[in-house]
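Notebook open, coffee poured. I'm writing down what I look up as I go.

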Amino acid sequence: ERESFMGIIIGGSGSSGTTLLKTIVDRHPDLFSGPELSVFNKERLYLDWNRFKKKLVSSAANFSTDGWFPYANNNLLHVDYGWKKKCLTGLISESESLMDFAEKFFENSLKRENAKIWVEKTPSNTYGFSHFLEQSSTNKVVHMLRDPYDTVASLVERDMSPYFASGLWVYNNSAGLSVSHSGGNRYYQLRYESLVSNTENEIKQLCDFIGVEIS
């Protein structure tokens with residue numbers, strides 16, 4: 001019988017510290033966090049898995065998010081996850097839902113790292129926060145927030161227009177904040193400024209939220 005693992009997704013605007021948080025989280029012995037997948041940000045996978053799942057491995061499919069940043073690709077075949085295309089295609093085909101797929105997809109990585117919880121970070125995961133929480137009573141989401149002026153300035157330095165950068169901050173964070181009440185104790189909000197100025201305390205609180213001892 002397959003062991004059941006808990007899943008957490010991290011989201012927020014780009015340049016809000018989500019990569020920093022993912023790096024910190026991945027150092028905990030009970031947690032595994034690999035490269036961005038850009039899968040849990042696609043609403044159609046939650047709503048109609050059987051119709052859209054084949055698009056995950058089709059190079060010809062235009063399968064983007066519905067949000068401000070319509071990223072069409074995914075990173076399921078990244079070497080860190082250890083899947084080959086043929087095996088991944090079979091896994092997707094036999095999976096009955098997005099969460100059924102996720103449990104099987106992360107299983108080998110968790111066993112390899114001797115971890116018990118997988119954490120996936122893609123900034124636009126906020127698009128799927130509400131659906132992700134509906135998938136399982138054990139699922140949790142972490143919303144990373146950063147001052148909008150600093151975020152936009154950082155994105156502009158990365159060659160994004162001020163208009164697009166501002167829209168990205170507003171859209172991603174609006175999607176995340178929309179579940180701040182409905183998510184109850186499975187929604188956690190973390191501010192970048194607090195993480196870098198009061199790191200130990202913030203990480204302790206995050207570990208309490210996840211349900212692991214601080215390491």
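Which way does α4 pass α5, in a left-handed or a right-handed crossing? I looked it up, and the crossing is right-handed. Note to self: this is a predicted model.

**Entry 1: the helix pair**

I checked where the two helices sit in the chain: α4 covers residues 85–94 and α5 covers residues 98–113. They pack at an angle of about 145°, and their axes are 9 Å apart. Next I wanted to know who does the touching. On the α4 side I listed L88, L91, I92 and E94. On the α5 side I found D100, F101, K104 and F105. Sorted by type, the residues of this contact come out as five nonpolar and three charged, with no polar ones.

**Entry 2: the sheet**

Then I went through the strands. A general reminder first: strands of a sheet pair through backbone hydrogen bonds, and the pairing can be parallel or antiparallel. Here I have five strands in an open sheet, and the pairing is parallel. I wrote the order down as β2-β3-β1-β4-β5. Which strands are at the edges? They are β2 (31–32) and β5 (187–191), and each of them pairs on one side only.

I also followed one pair through the sheet. β1 (residues 6–12) and β4 (residues 140–145) run parallel, with five bridges joining them. In that pair I spotted I9 of β1 opposite V141 in β4.

Two helices packing on the sheet went into my notes as well. α5 turns up again, touching β2 and β3 (117–121), and its direction makes about 110° with that of β3. Helix α10 (residues 199–210) touches β1, β2, β3, β4 and β5. The direction of α10 makes about 170° with that of β5.

**Entry 3: the largest pocket**

How much space lies in the largest pocket? I got about 410 Å³. There are 23 residues lining this pocket, and G14, E36, F69, P123 and R158 are the closest to its centre. By type, I noted seven nonpolar, 13 polar and three charged residues in the lining. α1 (18–26) and α8 (162–177) each supply at least two lining residues. The largest share, three residues, comes from α1.

Notes. Residues numbered from 1 in each chain as written. Predicted model: local features only at pLDDT ≥ 70, side-chain atom pairs only at ≥ 80, totals over all residues. Heavy atoms only, no water. Axes fitted to C-alpha atoms, helices over the stretch in contact; angles between N-to-C directions. Helix = DSSP H or I, 4+ residues; strand = E, 2+ residues; numbered from the N terminus. Left-handed = near helix turned anticlockwise from the far one by under 90°. Contact = heavy atoms within 4.5 Å. Nonpolar A, V, L, I, M, F, W, Y, C, P; charged D, E, K, R; others polar. 1 Å grid on protein atoms, 1.4 Å probe; cavity = no way out; pocket = protein on both sides within 12 Å on 5 of 7 lines; lining within 4 Å. Points joined across faces, edges and corners; volume = space filled by probe spheres on them. Pairing = 2+ DSSP bridges.
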